[in-house]
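Student: I would like a close look at one part of this model. Please take me through one interface between two domains, and then show me a few local features elsewhere.

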Amino acid sequence: MEPVVLQRKIIHVDMDAFYASVEQMDNPLLKGKPVAVGGSEVRGVVSAASYEARKFGVRSAMSGYLAKKLCPEIIFVRPHFDRYKEISKKIRKIFHDYTDLVEPLSLDEAYLDVTQNKKGNPSATLIAQEIRQRIFEETGLTASAGISVNKFVAKIASDYNKPNGQKTINPDEVELFLEALDIKKFYGIGKVTAEKMYQHGIFTGKDLKERTREYLEEHFGKSGGHYYSIVRGIHNSAVKPNRTTKSVAAEHTFNTNLTSEVFMEERLERIAAELSKRLQKHKISGKTVTLKIKYSDFTLQTRSKTLPYFISDKSLIHETAKELLYQERMKDSVRLLGISLHNLNTETKKSVVVQLKFEF
């Protein structure tokens with residue numbers, strides 16, 4: 001039996017190079033120039049890049065060293081998260097003028113379900129245009145949007161006419177749109193999975209659609225059933241206004257690589273203190289402590305331990321992280337350490353949402 005397709009009107013709003021655009025707006029000297037938020041030409045990782053920097057291949061999560069190599073004229077600026085949060089709140093306030101079904105993914109993007117909306121406007125396309133115009137008028141920044149029948153297609157569509165554009169995929173266009181799509185453009189299919197699909201002769205949505213559910217599950221495991229559904233436009237996940245926090249983390253990239261566990265212990269204590277502060281601010285605790293280690297060659301390692309009780313106290317987090325630190329010898333010098341807490345007391349059982357069909 002095929003899954004039932006729930007026909008909603010979903011908008012995915014994505015701010016254009018948000019952090020970098022805020023910095024360019026607040027400092028006119030940066031306008032029109034390649035800007036990287038975070039990192040430096042010596043250390044650190046780029047958090048965001050302006051469109052001028054992206055033309056040179058600079059991307060978020062790239063090392064500052066590589067960004068400088070690709071774009072010698074790049075300007076590194078320190079992030080101002082309080083400022084980003086301030087503007088993000090203004091943007092979310094605009095969203096809530098149209099619907100209470102808003103699911104933020106981060107400070108700069110969110111899903112909106114406007115199937116039934118506060119304006120009584122039957123056109124999701126016109127609502128998206130109005131929202132983008134208001135964002136520009138009230139914050140000075142541009143946003144792009146994707147509009148379709150579910151979150152998956154809306155997310156892909158929002159990337160189509162960036163920056164400062166939008167794309168609507170109507171219900172009768174969804175399957176043809178997905179069939180023509182390069183497989184690496186499918187949201188959730190990363191580089192490794194895309195390479196594996198290429199090996200199976202799957203290069204486009206059409207190729208994916210030709211494979212049976214059994215074939216996909218055999219070669220891609222549990223994800224195979226998901227791929228089978230999404231290429232047919234079936235993605236019934238509802239917009240969830242109150243997304244459950246799954247983990248809380250704090251990390252730090254060092255100016256100089258650390259070669260001794262003794263020095264790492266001291267840094268871990270500071271990271272544990274920051275994590276504890278965040279947890280207690282939001283009245284969150286958890287059972288699983290994960291230590292994140294990034295070595296000088298950028299390889300990543302994680303070590304975890306689950307406790308029989310919930311914790312949020314700095315000393316308990318630090319002691320557990322320290323235990324994980326000495327679990328095995330370091331492979332190389334360390335450039336980044338992080339601690340995260342999972343299995344939180346915020347996690348609840350999933351509820352089943354039933355929604356009627358509406359005309360788009």
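Tutor: Across the interface of domain 1 and domain 3, the rule finds 0 residue pairs in polar contact, counting pairs with both residues at pLDDT 80 or more. A polar contact is a pair of N or O atoms within 3.5 Å; within protein, one must be able to donate a hydrogen and the other to accept it, and residues adjacent in sequence count only if both atoms are side-chain atoms. The salt bridge count between domain 1 and domain 3 is also 0. A salt bridge needs a side-chain nitrogen of Lys or Arg within 4 Å of a carboxyl oxygen of Asp or Glu.

This is a predicted model: local features need pLDDT of at least 70, side-chain atom pairs count only at pLDDT 80 or more, and totals for chains, interfaces and linings use all residues. Residues are numbered from 1 along each chain as its sequence is written, and side-chain values use heavy atoms, leaving out hydrogens and water.

Now place the two domains. Domain 1 covers 10–14 + 82–168, and domain 3 covers 178–232. These bounds come from an automatic or database domain assignment. The domain centres, taken over C-alpha atoms, are 28 Å apart.

What touches what? In domain 1, 6 residues are in contact with 6 residues of domain 3. Contact means heavy atoms within 4.5 Å. Together the two domains bury about 540 Å², with 84% of it on carbon and sulfur atoms. Buried area is the accessible area (1.4 Å probe) that two parts lose on being put together, summed over both. Phe-152, Lys-155 and Ile-156 supply 75% of the area that domain 1 buries against domain 3, more than any other three residues.

Helix H6 (residues 151–157) gives the largest share of this side of domain 1, with 4 residues. Helices (H or I, at least four residues) and strands (E, at least two) are DSSP runs, numbered from the N terminus. The side of domain 1 that touches domain 3 has 5 nonpolar residues, no polar ones and 1 charged. Here Ala, Val, Leu, Ile, Met, Phe, Trp, Tyr, Cys and Pro count as nonpolar, Asp, Glu, Lys and Arg as charged, and the others, Gly among them, as polar.

Next, look past H6. Pro-163 sits in the loop between H6 and strand E8 (166–168). The peptide bond from Lys-162 to Pro-163 is cis, with omega near -10 degrees.

Salt bridges do occur elsewhere: the count comes to 20. Lys-118 forms one with Asp-100, and their closest N and O atoms are 2.8 Å apart. Lys-118 lies in the loop between strand E6 (109–113) and helix H5 (124–139), and Asp-100 in the loop between H4 and strand E5 (102–106), so the pair ties together parts 18 residues apart in sequence.
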